[in-house]
Amino acid sequence: TRSPSRASHTLSPVVQMNADESVGLNAPLTVLPGIGTRNAETLSILGLRTLGDMLYYFPRRYDDYSHLKPINHLFFGDEVTVLGTIQSIETRPTRGGKMHIVEAIVSDGTGAIRVNWFNQPWLASKLRPGTAISLSGRIEQYLGRLVLNSPDWEPLEQEQLHTNRIVPVYPLTARVTQKVLRRLMHQVVTYWAPRVTDYLPGSTRRDADLIDLQTALTQVHFPDSAEKLRSARQRLAFDEIFLMQLGVMRQKFVWQSSTARVFEVSDDWLAAQIKRLPFSLTQAQLQAIDDLRSDLLVGRPMNRLLQGDVGSGKTIVAAMALLMVTQHEAQAAVMAPTSILAEQHHRSLIKLLASAVDEIDTPPLRPEEIRLLIGDTPENEKEEIRNGLADGTIKIVIGTHALLEAPVIFKQLQMAVIDEQHRFGVEQRATLRSKGENPHLLVMTATPIPRSLALTVYGDLDLSVMDEMPAGRQIIETHVLYPGERERAYTLIDRKSTRLNSSHVSES
């Protein structure tokens with residue numbers, strides 16, 4: 001799951017509070033001191049429109065300046081907080097006079113360090129000699145001497161939000177600085193986080209070893225220690241998965257309470273269709289086909305995830321399901337994330353379902369009953385396909401997002417197959433489903449998903465795993481390449497494509 005430290009909105013503020021507090025948390029940002037209409041419009045670019053939005057706008061990372069070091073123990077590359085007193089400060093122009101540098105000498109009794117701020121001349125009048133100051137930043141080196149360039153700073157008498165602590169770093173937009181946003185966050189978090197009512201029972205929190213929500217919201221923004229930050233992130237990550245699981249369970253309940261058309265096929269019919277295939281099926285494929293056949297008999301919409309490596313034969317399993325539906329004069333749609341993959345599916349389905357395997361074979365479908373609809377399809381052909389779908393003469397259509405367009409209307413869509421389902425959002429799947437009346441849904445993925453994770457993330461889907469490769473197929477190897485190895489990947493692709501092109505030339 002996404003960590004609160006790496007995402008802005010990881011979950012919606014699902015909280016319980018009395019009526020007055022609810023109104024407060026839903027109040028616009030203009031109720032905050034110093035936030036006018038213009039500033040509120042700028043913050044809305046970040047998705048921050050209410051106080052509740054700010055409470056759940058988590059830092060993207062943290063800078064740990066909580067470790068104080070005396071100046072005489074500083075080293076190049078340290079990210080530290082230094083407490084000291086300004087000994088001297090002056091402003092001088094750079095060469096050309098286009099920029100001014102404010103240069104200060106800060107001492108803590110053990111030593112002194114030079115501090116530079118660029119193009120902020122007003123600092124010279126604000127930070128006078130004798131001012132006690134807290135500085136946080138990265139120690140750099142110039143001409144052999146250690147320096148701090150453009151560090152965050154605060155007078156020591158102020159509550160320190162930007163230095164001497166684990167500092168939150170938020171996603172920003174133009175005209176919004178970290179200091180301004182941190183200050184606003186501190187106002188909201190310190191007041192509202194303690195007033196949020198935890199929806200998790202105490203027994204659940206104890207069983208899962210979780211802190212309360214109020215503490216988690218406070219510590220994820222302004223952690224007192226690395227340990228408290230870890231506890232806060234663990235609680236909020238738990239909430240994200242927990243709430244997602246509740247939503248998945250609710251979606252599954254709603255879907256299972258719906259009715260769908262029953263599609264029954266005989267053992268002889270199914271055996272005949274499997275027999276005409278040009279190869280034998282694996283036990284995993286046969287089991288998956290049996291799962292789909294059972295789903296089509298129960299009178300509820302099929303909602304199944306078919307998982308298997310590339311080359312495990314998922315397309316053949318899906319083709320059998322398509323046949324079970326279309327042999328009863330219904331229609332089916334196959335949606336792929338790219339035109340190339342859609343074209344590949346179109347060729348495969350034509351070969352499997354609309355091509356004779358010998359002189360006496362009669363294919364279950366005709367080629368004109370299986371069509372391809374993608375963005376590059378000529379407009380006159382698109383119109384022909386749309387008409388065929390509307391009058392039912394086209395049984396199966398394969399396409400990309402073009403299938404979601406309003407002009408595409410089916411006479412009787414009873415099955416939707418979605419390939420690489422993680423590439424499509426919930427709304428896109430819902431749009432495709434809305435083109436039929438509770439159509440059966442089969443989604444396919446080649447992404448390896450641990451069963452426990454699949455049950456959590458795709459808990460609304462029944463799971464069929466293709467864990468057996470057809471005879472003669474090469475073993476699929478998965479490798480992780482880091483950004484620094486990008487050229488290695490390009491070289492491999494170039495070598496493989498060159499070899500492939502050479503083989504095509506020799507065959508022709």
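Mentor: A residue is called buried when its relative accessible area is under 20%, exposed when it is over 50%, and partly exposed in between. The model we are looking at is a predicted one.

Trainee: What makes R488 count as exposed or buried?

Mentor: R488 has a relative accessibility of 54%, and because exposed begins over 50%, R488 counts as exposed. Its partner E485, at 25%, falls between the two limits and is therefore partly exposed.

Trainee: How do you know that E485 and R488 meet in a salt bridge?

Mentor: The rule asks for a side-chain nitrogen of Lys or Arg within 4 Å of a carboxyl oxygen of Asp or Glu. The side chains of E485 and R488 come to 3.1 Å, N to O, so the pair satisfies that rule. Elsewhere, salt bridges that share partners join D198, R205, R235 and D239 into one network, and the count by this rule comes to 18 salt bridges.

Trainee: Why is the pair of K395 and E329 called a salt bridge, and which parts does the pair tie together?

Mentor: The closest N and O atoms of K395 and E329 are 3.0 Å apart, which lies within the 4 Å limit, so the name applies. K395 sits in the loop between helix 13 (379-391) and strand 12, while E329 sits in the loop between helix 11 and strand 10, so the pair ties together parts that are 66 residues apart in sequence. K395, at 9%, is buried, whereas E329, at 53%, is exposed.

Trainee: What do the values say about E103 and R114, buried or exposed?

Mentor: E103 has a relative accessible area of 12%, and is therefore buried, while R114, at 23%, is past the 20% limit but not over 50%, so R114 counts as partly exposed. Their side chains meet in a salt bridge at 2.7 Å, N to O, and this pair links E103 in strand 3 (residues 100-107) with R114 in strand 4 (residues 112-118), 11 residues apart.

Trainee: How do you know how the span of helix 12 compares with the one expected?

Mentor: Helix 12 has 15 residues and reaches 21 Å from its first C-alpha to its last, close to the 21 Å expected at 1.5 Å a residue. The buried residues of helix 12 include L341, H345 and L349, and what covers its buried residues includes helix 11 and strand 10 (331-335).

Trainee: Which helix gives the most to the lining of the largest pocket?

Mentor: Helix 12 does, with six residues, in a lining of 21 residues around a pocket with a volume of about 530 Å³. The lining divides into eight nonpolar, seven polar and six charged residues.

Definitions and conventions: Residues are numbered from 1 along each chain as its sequence is written. This is a predicted model: local features need pLDDT of at least 70, side-chain atom pairs count only at pLDDT 80 or more; totals for chains, interfaces and linings use all residues. Side-chain values use heavy atoms; hydrogens and water are left out. On a 1 Å grid over the protein atoms alone, a cavity is a set of points where a 1.4 Å probe fits but cannot get out, and a pocket is an open set with protein on both sides within 12 Å along at least five of seven lines; lining residues have an atom within 4 Å of a point. Grid points are joined across faces, edges and corners, and a volume is the space filled by probe spheres set on the points. Helices (H or I, at least four residues) and strands (E, at least two) are DSSP runs, numbered from the N terminus. Ala, Val, Leu, Ile, Met, Phe, Trp, Tyr, Cys and Pro count as nonpolar, Asp, Glu, Lys and Arg as charged, and the others, Gly among them, as polar. The expected span of a helix is 1.5 Å times one less than its number of residues. Buried means under 20% relative accessible area, exposed over 50%, partly exposed in between (1.4 Å probe, protein chains only). Contact means heavy atoms within 4.5 Å.
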